[in-house]
There are 2 protein chains.
Amino acid sequence: MKISTKGRYALRLMLDLALRDSGEPIRLKDVAHRQGISEKYLEQIISVLNKAGYVRSVRGPQGGYVLARAAEEYTAGMILRLTEGSLAPVDCVEAGKGVCDRECGCATQILWKKIDEAISSVVDHVTLEDLVAWQMERTDDYVI
Amino acid sequence: MKISTKGRYALRLMLDLALRDSGEPIRLKDVAHRQGISEKYLEQIISVLNKAGYVRSVRGPQGGYVLARAAEEYTAGMILRLTEGSLAPVDCVEAGKGVCDRECGCATQILWKKIDEAISSVVDHVTLEDLVAWQMERTDDYVI
DNA sequence: GATAATCCCTACAAATTCAATCGGAAATCT
DNA sequence: AGATTTCCGATTGAATTTGTAGGGATTATC
């Protein structure tokens, strides 16, 4: 019941981009250094965000990444679901998946549904802009 | 971000015991058959519940397991935390663990905390008795 | 007391997932 | 041309999950 590094790093990556959003591309290498995350690993993660159109990439020198939209247009749920796959606590309450093979009709499903809704109600209402605000409350400089 | 089979099976196991709670011990073999779970694997799981005093065991023929307390005295959170270890979405918001090495001071922690609280507010308020009631609404017989 | 049923314990193993690492190709600025 | 940066796919080591396997201890019943 843990969020993997993929989701956590993706969120920190997007937060990093949002904090330094000036229109100029931000090099992944810099993000990696600031966040203490392997550059190569971050590549894989931002590749997913890029394909989803969450960031825009600029190749070559002076290149890097820029947020595709304003920070308030991203929810934590969007970012986490994209990178984690799903935030549902069990398979059988996931959107696409219909019934579960055996647990169907099982009362525990009601619990899983409630947990799923509780998680969603948080992540779907916290935006990247909220994270930016929280970060700026905590530290004056942007060293995360 | 999934609850493992250990937690899910533990909950179904406890629900099964609660639904058939008559004072007589219930054989693990029967639970395993009803739930379609390997008997040997269930042994490992109930061993944890037994050591925690959540169930009482009776050895020998006509033996089995009985709930140690009334169903309303167990929350889903108790059972899941015992078998899953922790329901916190990331290590750094767990109770015992102090700071996280690097993400400390990071705004994402606030999000993780909110998710953790949302999950807890569900699992700490749903009791085994609730699950029993939900199950009886769904099916007249107790075949889960 | 013998037998059979049941819980109890520990070790092992297959499969999957996680968390990267590695090596290079393609694009682009100067 | 050369340096910089993103892009892409393969591989890998470790950890975790999800069980299996085999036997030991206890006890009700005959």
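These legends describe close-up views of a predicted model with protein chains A and B and DNA strands C and D.

**View 1. Overall make-up of chain A.**
Chain A has six helices and two strands. From the N terminus, the elements follow the order α-α-α-β-β-α-α-α. Chain A has 144 residues, and 51% of them count as buried. Its accessible surface is about 6800 Å². Carbon and sulfur atoms hold 47% of that area. Among contacts in chain A with a separation of 6 or more, 63% join residues 24 or more positions apart.

**View 2. The protein surface around DNA strand C.**
DNA strand C is surrounded by 26 residues. The closest are Lys40(A) and Gln44(A) from one chain, and Arg27(B), Ser57(B) and Tyr65(B) from the other. Sugar and phosphate make up 59% of the strand C atoms that come within 4 Å of the protein. Chain A supplies at least two residues from each of helix H1 (5-19) and helix H3 (39-51). Chain B does likewise from helix H3 (39-51), strand S1 (55-58) and strand S2 (64-67). H3(B) gives the most, with five residues. By class, the surface near DNA strand C holds eight nonpolar, 11 polar and seven charged residues.

**View 3. Polar contacts to DNA strand C.**
Both bases and phosphate are involved here. The side chain of Gln44(A) places an N or O atom 2.4 Å from a base oxygen of DNA strand C. Glu43(B) has a polar side-chain atom 3.1 Å from a base nitrogen of DNA strand C. Tyr65(B) turns to the backbone instead: a polar atom of its side chain is 2.5 Å from a phosphate oxygen.

**View 4. The protein surface around DNA strand D.**
DNA strand D also has 26 residues around it. Nearest are Arg27(A), Ser57(A), Tyr65(A), Lys40(B) and Gln44(B). Of the strand D atoms within 4 Å of the protein, 62% are sugar or phosphate, and the rest are in bases. H3(A) contributes the most to this surface, with five residues. The classes are eight nonpolar, 11 polar and seven charged residues.

**View 5. Polar contacts to DNA strand D.**
Two side chains of chain A meet phosphate oxygens of DNA strand D. A polar side-chain atom of Asn50(A) is 3.1 Å from one phosphate oxygen. For Ser57(A), the distance to a phosphate oxygen is 2.4 Å. Lys40(B) reaches a base: its polar side-chain atom lies 2.5 Å from a base oxygen. The elements that give two or more residues to the surface near DNA strand D are H3, S1 and S2 of chain A, plus helix H1 (5-19) and H3 of chain B.

**View 6. The hairpin of chain A.**
Strand S1 (residues 55-58) and strand S2 (residues 64-67) of chain A pair antiparallel over four bridges. Val58(A) is opposite Gly64(A) in S2(A). Five residues lie between the strands. In this hairpin, Gly60(A) has a positive phi near 85 degrees.

**View 7. The hairpin of chain B.**
S1(B) and S2(B) run antiparallel, joined by four bridges. Ser57(B) faces Tyr65(B) across the pair. Both residues are among the closest to DNA strand C. Along S2(B), Gly64(B) and Val66(B) point one way, while Tyr65(B) and Leu67(B) point the other way. All four are buried. The hairpin has five residues between its strands, and Gly60(B) takes a positive phi near 85 degrees.

**View 8. Thr83(A) in helix H4.**
Thr83(A) sits in helix H4 (residues 76-84) of chain A. Its relative accessibility is 12%, so it counts as buried, the cut-off being under 20%. A polar atom of the Thr83(A) side chain is 2.8 Å from the backbone oxygen of Ile79(A). Leaving out residues up to four places away in sequence, Thr83(A) touches Lys6(A), Gly7(A), Ala10(A) and Leu49(A).

**View 9. Met136(A) in helix H6.**
Met136(A) belongs to helix H6 (residues 128-138) of chain A. Its relative accessible area is 42%, so it is partly exposed. Ile110(A) is 26 residues from Met136(A) in sequence. In space, their C-alpha atoms are 39 Å apart.

Technical notes: Residues are numbered from 1 along each chain as its sequence is written. Chains are lettered from A and ligands numbered from 1 in the order in which they are written. This is a predicted model: local features need pLDDT of at least 70, side-chain atom pairs count only at pLDDT 80 or more; totals for chains, interfaces and linings use all residues. Side-chain values use heavy atoms; hydrogens and water are left out. A residue is near a molecule or strand if one of its heavy atoms lies within 4 Å of it. A polar contact is a pair of N or O atoms within 3.5 Å; within protein, one must be able to donate a hydrogen and the other to accept it, and residues adjacent in sequence count only if both atoms are side-chain atoms. Ala, Val, Leu, Ile, Met, Phe, Trp, Tyr, Cys and Pro count as nonpolar, Asp, Glu, Lys and Arg as charged, and the others, Gly among them, as polar. Two strands pair if DSSP finds at least two bridges between them. Buried means under 20% relative accessible area, exposed over 50%, partly exposed in between (1.4 Å probe, protein chains only). Contact means heavy atoms within 4.5 Å. Accessible areas come from the Shrake-Rupley method with a 1.4 Å probe; for residues, only the protein chains shown count as cover.
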